[in-house]
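The exercises below are to be worked through with the sequence and the coordinates open side by side. Each one sets a task and is followed by a solution in steps.

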Amino acid sequence: MKKELLILALETSCDDTSAAVINTDYKVFSNIISSQTQHADFGGVVPELASRMHLKNIMFVTQQALDKAKVSLSEIDAVAVSINPGLIGALLVGVSFAKSLAYALEKPLIAVNHMIGHIYATKIENPNLKPPYLVLVVSGGHTELVDFRRINDFQIVGKTLDDAAGEAFDKSAKLLGLGYPGGPIIEKFAQNGDPNFHTFPRALNKKGDYNFSFSGFKTAVRTYLEKQNNSFIQKHLADIAASLQTAIIDSLVSKTINYAIMAKTKKIIVAGGVSANRELRKRIREEATRIECKVFIPALEYCMDNAAMIGAAAIEKYFEQDFADLDLNAFSKKGVRRL
Ligand code: KG4
Ligand code: ZN
């Protein structure tokens, strides 16, 4: 007799086609991610190209996830899929595929908000972790501080007024001619650089302001680079990368810690693609230790977009029988939201 409940999860919100098999104890059996390298030439994700690539890859990626987990479709107990936020055409591929699977298998369909998925990625290594916690969600499109009490009970207490933190990394890398996605590239250069080489602005740093802003930072990076000649930039690439990385991280860490002090938070989660940044992971851990607050960050493989996190977020919904109907639709709207 089958001992565990298995969820097949799908994620197609941006440029990664991903499928995972996870059980309801948060054990991941497979997490296949097919990253679309085709966007690199364009310096960012091309939405129409992303949809077409998802369409091409999704069956293959799903089959790989089942094969790696050594399960057949008939052993799956539920199908979970991210329905927002993201690129609408890209999301629609995952949602349509998930709906057909759920219908054909006669199994429940579970809709997951992608950003809630990022938060639940933390549960894969910490299945017993219980809210309340303060979450810093940082990705290519989002920068939000979330006071999280339950899957459908949370409050956004701070958010970016313009660019997201990941975008600040991506746009800086583009200005430096370093390619896309910028975060991992900037991090690599920054390892050998001096973070005090140049001071880039930290916006909205008034006490009690928990919102973020990175558009002034982006302009400051552009203005600074325009004033330097190319050989200076090439010589000091590592120093410039370290300086701008520090500026972004300073804003993220100080706002999070200040809010945690004010709200007497005991647990902080950092989630989303930018949480893969080692310097951010180190800094937030150091600062949180000073205020006796615990920090939980997903393992590196679950920080970037992946389907295992969508499956992880679907588990509570499965037990609450919070299932979606077959008229479920994707929507692109930004932000951490209730569904
Ligand atoms: O969550 P994610 O994979 O996709 C979105 O939902 O947006 O996040 C992608 C973002 C990109 O902006 C990327 O540059 C950033 O996460 N990122 C990083 C690192 N790895 C990815 N930023 C800083 N340091 C990293 N190591
Ligand atoms: Zn994401």
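**Exercise 1.** Which residue has a polar backbone atom 3.0 Å from an oxygen atom of ligand 1? Go on to list two side-chain contacts of the ligand, and state how much of the ligand is covered.

*Solution.* The model is a predicted one, and the distances are to be read as computed from it. Starting with the backbone, the residue sought is Gly273, which places a polar backbone atom 3.0 Å from an oxygen atom of ligand 1. Turning to side chains, an N or O atom of His114 lies 3.2 Å from an oxygen atom of the ligand, while a nitrogen atom of the ligand is 2.6 Å from an N or O atom in the side chain of Glu187. As for cover, ligand 1 has 560 Å² of accessible area on its own, and the protein covers 91% of it.

**Exercise 2.** Describe the surroundings of ligand 1, and explain why it lies between two domains.

*Solution.* Begin with the space itself: the one taken by ligand 1 is the largest pocket. Two or more residues of the shell come from each of helix 3 (114-120), helix 4 (165-175) and helix 5 (182-190), and helix 5 gives the most, with 4 residues. Next, count the shell, which holds 19 residues, with His118, Gly140, Asp170, Gly183 and Glu187 the closest. By class, the shell divides into 10 polar, 6 nonpolar and 3 charged residues. Finally, because domain 1 (6-121 + 302-319) and domain 2 (131-297) both contribute residues to this shell, the ligand lies between them.

**Exercise 3.** Locate two cis peptide bonds and a non-glycine residue with a positive phi, and place them relative to the helices and strands.

*Solution.* As a reference point, most peptide bonds are trans, and most residues other than glycine have a negative phi. Against this, the bond from Asn84 to Pro85 is cis, with omega near -15°, and Pro85 belongs to the loop between strand 4 (78-84) and helix 2 (88-105). Another cis bond joins Tyr180 and Pro181, where omega is about -5°; Pro181 is found in the loop between helix 4 and helix 5. Lastly, Lys70, although not a glycine, has a positive phi of about 55°, and Lys70 sits in the loop between helix 1 (47-69) and strand 4.

How values were computed
Residues are numbered from 1 along each chain as its sequence is written. Chains are lettered from A and ligands numbered from 1 in the order in which they are written. This is a predicted model: local features need pLDDT of at least 70, side-chain atom pairs count only at pLDDT 80 or more; totals for chains, interfaces and linings use all residues. Side-chain values use heavy atoms; hydrogens and water are left out. A residue is near a molecule or strand if one of its heavy atoms lies within 4 Å of it. A polar contact is a pair of N or O atoms within 3.5 Å; within protein, one must be able to donate a hydrogen and the other to accept it, and residues adjacent in sequence count only if both atoms are side-chain atoms. Accessible areas come from the Shrake-Rupley method with a 1.4 Å probe; for residues, only the protein chains shown count as cover. On a 1 Å grid over the protein atoms alone, a cavity is a set of points where a 1.4 Å probe fits but cannot get out, and a pocket is an open set with protein on both sides within 12 Å along at least five of seven lines; lining residues have an atom within 4 Å of a point. A molecule sits in a cavity or pocket if more than half of its atoms lie within 2 Å of its grid points. Ala, Val, Leu, Ile, Met, Phe, Trp, Tyr, Cys and Pro count as nonpolar, Asp, Glu, Lys and Arg as charged, and the others, Gly among them, as polar. Domain bounds come from an automatic or database domain assignment.
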